[in-house]
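The exercises below go with the structure shown next, and each one is followed by a solution that proceeds step by step. Please try each task on the structure before reading on.

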Amino acid sequence: MRDSVRDGRRGEPRHAAERGETMHIGLVGLGKMGANMRQRIRDAGIEVTGFDRNPDVTDVPSLEAMVDALPAGERVVWVMVPSGPITDAVIQDLAGLLAPGDLVIDGGNSYYQDDEPHGAVLAERGVGFIDAGVSGGIWGLENGYGLMVGGSPQDVERAMPVFDALRPPGERADGFVHAGPVGAGHYAKMVHNGIEYGLMQAYAEGYELLAAKDLVTDVPATMRAWTNGTVVRSWLLDLLVQALSEDAKFAAIDDWVEDSGEGRWTVDEAIDLAVPAPVISAALFARFASRQGESPAMKAVAALRQQFGGHAVRAAGGETVTPSAPPTSEA
């Protein structure tokens, strides 16, 4: 059986880590996070063969070569590629290359509802599947990654040396959770990212309020003073203070803010479950607003104020326009 951790014929450990041997895993996707994760895993004494389409960073020339470099029947392959069609394609390719007893971990920001189909595709070949939500960004190499995983207890236990290599130092429970069955890891990461949206938006609005008032003469120093001892201290606040130290008025940064999908998924889930999530929703919509060079909705609001109240509006060039006479109710 795939979930058995010992050889049924001889009662011996099946996998390298259980036999006291050096563990050897594959890693697909060596972008900013993937490359750092490869290094952190290696630093923990685990052998890693990485594959990426970028020839400058890959260890092997092809996905097939990566699979061939690993011990058949006990391979562990971590997938770290963009969610959606790219992840779908990699899972399909691996299903055709791996053997019964192998294990795939999807560590990208995949939509949790994609996890069960991915697991089913692999299960047809006797291959296990774990979904892993990973938080830590580019700082994870130094600080470790917060991990939220979903899968069977047997598969999670088998991959624990890799999780221990990636998570922050200290108590395992402070940086790792087996959140539930397949899908639970990415669901937890989705909610985590929704919370992140709200936190970032709150700090950003606080910064703008401080900067808008002449009374506060040193905004960066004010926010820095919040980083110790206050109830709003956090790593995100530390990062904002760091950004302000580099560019106190964000003069070099455009106000366009992208989203990678998790905030939308979180809001969709809140709607489906009838769970009020006004902060996360507002933070998501604020990102949409940041991308509008001109806001058609606000133009409509200005026009309506002019129509019902005779309020002045600004022409496209910025000049204030005196309102015309309001229309009558007669045709």
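**Exercise 1.** In this predicted model, find which residues of helix α4 (residues 115-123) are buried, and work out how they are placed around the helix axis.

*Solution.* Begin with the burial of each residue, for which the cut-off is under 20% relative accessible area; in α4, Asp115, His118, Gly119 and Leu122 are buried. Next consider their directions from the axis: they cover an arc of only 100°, so they lie on the same side of α4. Finally, look for what this side meets, and you will find that the buried residues of α4 pack against α3 (85-97), β4, β5 and α8 (184-212).

**Exercise 2.** Determine the order of the strands in the open sheet, and state which of them are edge strands.

*Solution.* Following the pairing from strand to strand gives seven strands in the order β2-β1-β3-β4-β5-β6-β7, with mixed pairing. The edge strands, each of which pairs on one side only, are β2 (47-51) and β7 (176-180). Within the sheet, β1 and β3 pair in the parallel sense over three bridges, and Leu27 has Trp78 in β3 as its bridge partner. As a last step, place α8 on this picture: the helix lies across β4, β5, β6 and β7, and runs at about 15° to β5.

**Exercise 3.** Identify the residues with the most contacts inside the largest nonpolar core, and describe how their rings are arranged.

*Solution.* The largest nonpolar core has 27 residues, and those with the most contacts inside it are Trp78 and Phe163. Among the elements that give two or more residues to this core are β3 (76-79) and α7 (160-166), and α7 gives the most, with five residues. Leaving aside residues up to four places away in sequence, Phe163 touches Trp78, Ile105, Ile130, Leu147, Val149, Val156 and Phe176. The rings of Trp78 and Phe163 form an edge-to-face pair, at 6.0 Å centre to centre and with 70° between the planes. Because Trp78 lies in strand β3 and Phe163 in helix α7, the pair ties together parts that are 85 residues apart in sequence.

**Exercise 4.** For the aromatic pair of Tyr112 and Tyr187, decide whether each residue is buried or partly exposed.

*Solution.* With 20% as the upper limit for buried and 50% as that for partly exposed, Tyr112, at 18% relative accessibility, counts as buried, whereas Tyr187, at 26%, counts as partly exposed. Ring pairs also link Tyr111, Tyr112, Tyr187 and Trp265 into a cluster.

Notes. Residues are numbered from 1 along each chain as its sequence is written. This is a predicted model: local features need pLDDT of at least 70, side-chain atom pairs count only at pLDDT 80 or more; totals for chains, interfaces and linings use all residues. Side-chain values use heavy atoms; hydrogens and water are left out. A nonpolar core is a set of buried Ala, Val, Leu, Ile, Met, Phe, Trp, Tyr and Cys residues joined through side-chain atoms within 4.5 Å. Buried means under 20% relative accessible area, exposed over 50%, partly exposed in between (1.4 Å probe, protein chains only). Helices (H or I, at least four residues) and strands (E, at least two) are DSSP runs, numbered from the N terminus. Contact means heavy atoms within 4.5 Å. The arc is that of the directions from the helix axis to the C-beta atoms. Two strands pair if DSSP finds at least two bridges between them. Axes are lines fitted to C-alpha atoms, for helices over the stretch in contact, and angles run from 0 to 180 degrees between N-to-C directions. Rings of Phe, Tyr and Trp (its six-membered ring) pair if their centres lie within 6.5 Å; planes under 30 degrees apart count as stacked, over 60 as edge-to-face and the rest as tilted.
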